[in-house]
Amino acid sequence: MEALAAGTPVVAYPSGGIPELIRHGDTGILTSASDPAALASEIARLADAPERLLPLSLGGRREWEQ
């Protein structure tokens with residue numbers, strides 16, 4: 001929640017209550033598996049596509065405001 005409030009893009013595992021807050025590609029990025037390699041892969045993909053940062057930041061902030 002703190003990252004969403006700050007407008008920070010989120011990359012997270014799809015476990016627990018996280019998928020209720022993070023919608024893949026809209027409010028953040030969910031990995032395909034709950035392991036470090038999947039997390040690192042998604043972070044690298046996001047780093048290679050900086051144009052995706054602003055839409056994720058805005059989507060996450062919008063989710064937090066609601």
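The buried residues of helix α4 pack against α1 (2-6), α2, β2 and α3. In this predicted model, the residues of α4 that count as buried are L56, S57, G59, G60 and E63. The helix has the length that its residue count implies: 13 residues at 1.5 Å a residue should span 18 Å, and the C-alpha atoms at its two ends are indeed 18 Å apart.

One of the elements that α4 packs against is α3, and the relation can be followed from the other side as well. The cover over the buried residues of α3 includes β1 (11-12), β2 (29-30) and α4 (53-65). Those buried residues are A38, E42 and L46. Viewed along the axis of α3, they fall within an arc of 70°, so they line one face of the helix. The face turned away from this buried side carries the exposed residues P36, A37 and A47. Helix α3 comprises 12 residues (residues 36-47), for which a rise of 1.5 Å a residue predicts a span of 16 Å; the distance between its end C-alpha atoms is 16 Å, in agreement. At the N-terminal end, α3 is capped by D35, a side-chain oxygen of which lies 3.0 Å from the backbone nitrogen of A37.

The buried face of α3 includes a charged residue, E42. Its relative accessible area is 10%, below the 20% limit, and E42 is therefore classed as buried. The side chain of E42 forms a salt bridge with that of R45, with an N to O distance of 3.3 Å. Because R45 and E42 are three residues apart in helix α3, about one helical turn separates them. The partner R45 is partly exposed, at 48% relative accessibility.

E42 also leads to the loop between β2 and α3, where T31 is placed. Beyond its neighbours within four places in sequence, T31 is in contact with V11, A12, Y13, P14, A38, L39 and E42. T31 is buried, with a relative accessible area of 5%. A polar atom of the T31 side chain lies 2.6 Å from the backbone oxygen of A33.

The salt bridges number five. Side chains of opposite charge can pair when their charged atoms come close. Apart from the pair within α3, a network of salt bridges links R23, D26, R62 and E63. Within this network, R23 meets D26 at 2.8 Å, N to O. R23 also forms a salt bridge with E63, whose closest N and O atoms are 2.8 Å apart. This second pair joins distant parts of the chain, since R23 sits in the loop between α2 (18-21) and β2 whereas E63 belongs to helix α4, 40 residues apart. The surroundings of these residues vary in accessibility. R23 is partly exposed at 38%, and D26 is likewise partly exposed at 28%. E63 has 19% relative accessibility and counts as buried, because the limit is under 20%.

The loop between α2 and β2 also holds G28. G28 has a relative accessibility of 0% and is buried. Setting aside neighbours within four places in sequence, G28 is in contact with V10, I22, R23 and L56. Among these contacts, R23 takes part in the salt-bridge network, while L56 is one of the buried residues of α4. Another glycine, G17, is 11 residues from G28 along the chain, and their C-alpha atoms are separated by 14 Å.

The contacts of G28 with V10 and I22 lead finally to the nonpolar interior. In soluble globular proteins, nonpolar side chains tend to be buried together. Here the largest nonpolar core consists of five residues, namely L4, V10, A12, I22 and L30. One of its members, V10, touches A3, L4, I22, G28 and I29, residues up to four places away in sequence being left out of account. A12, another member of this core, is among the residues in contact with T31.

Definitions and conventions
Residues are numbered from 1 along each chain as its sequence is written. This is a predicted model: local features need pLDDT of at least 70, side-chain atom pairs count only at pLDDT 80 or more; totals for chains, interfaces and linings use all residues. Side-chain values use heavy atoms; hydrogens and water are left out. A nonpolar core is a set of buried Ala, Val, Leu, Ile, Met, Phe, Trp, Tyr and Cys residues joined through side-chain atoms within 4.5 Å. Buried means under 20% relative accessible area, exposed over 50%, partly exposed in between (1.4 Å probe, protein chains only). Contact means heavy atoms within 4.5 Å. Helices (H or I, at least four residues) and strands (E, at least two) are DSSP runs, numbered from the N terminus. The expected span of a helix is 1.5 Å times one less than its number of residues. The arc is that of the directions from the helix axis to the C-beta atoms. A polar contact is a pair of N or O atoms within 3.5 Å; within protein, one must be able to donate a hydrogen and the other to accept it, and residues adjacent in sequence count only if both atoms are side-chain atoms. A salt bridge is a side-chain nitrogen of Lys or Arg within 4 Å of a carboxyl oxygen of Asp or Glu.
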